[in-house]
Amino acid sequence: MRLIKLKEVMNTTGLARSTIYKYISEGAFPKPVSLGERAVAWVESEVSDWILDKIEKRDLAS
């Protein structure tokens, strides 16, 4: 299991910081894991699963 920081999440998904946090508040993106008082990271596999889900929904819509 690997944790990734916000910059890598942004690079991986192509989403902006504000969009990531908007999706989190809507329950549409994996929640980050607290690493300390001011540090968070995401479980890499959860972000990957989110991306795969987007691809699957795109393919089903075709």
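Reader: What makes the contact between the side chains of Asp59 and Arg58 a salt bridge?

Author: A salt bridge is a side-chain nitrogen of Lys or Arg within 4 Å of a carboxyl oxygen of Asp or Glu, and the side chains of Asp59 and Arg58 meet at 2.8 Å, N to O, so the pair fits that rule. This is a predicted model, in which local features need pLDDT of at least 70 and side-chain atom pairs count only at pLDDT 80 or more, while totals for chains, interfaces and linings use all residues. Residues are numbered from 1 along each chain as its sequence is written, and side-chain values use heavy atoms, with hydrogens and water left out.

Reader: Why is Arg58 called exposed?

Author: Buried means under 20% relative accessible area, exposed means over 50%, and partly exposed lies in between (1.4 Å probe, protein chains only). Arg58 has a relative accessible area of 53%, and is therefore exposed, whereas Asp59, with 43%, is partly exposed.

Reader: What makes Arg2, Glu8 and Glu44 a network?

Author: These residues are linked by salt bridges: Arg2 meets Glu8 at 3.2 Å, N to O, and the closest N and O atoms of Arg2 and Glu44 are 2.9 Å apart. The pair of Arg2 and Glu44 links distant parts of the chain, 42 residues apart, with Arg2 in the segment before β1 (3-4) and Glu44 in helix α3 (residues 44-61); helices (H or I, at least four residues) and strands (E, at least two) are DSSP runs, numbered from the N terminus.

Reader: Why does Glu44 count as partly exposed?

Author: Glu44 has 28% relative accessibility, so the residue counts as partly exposed.
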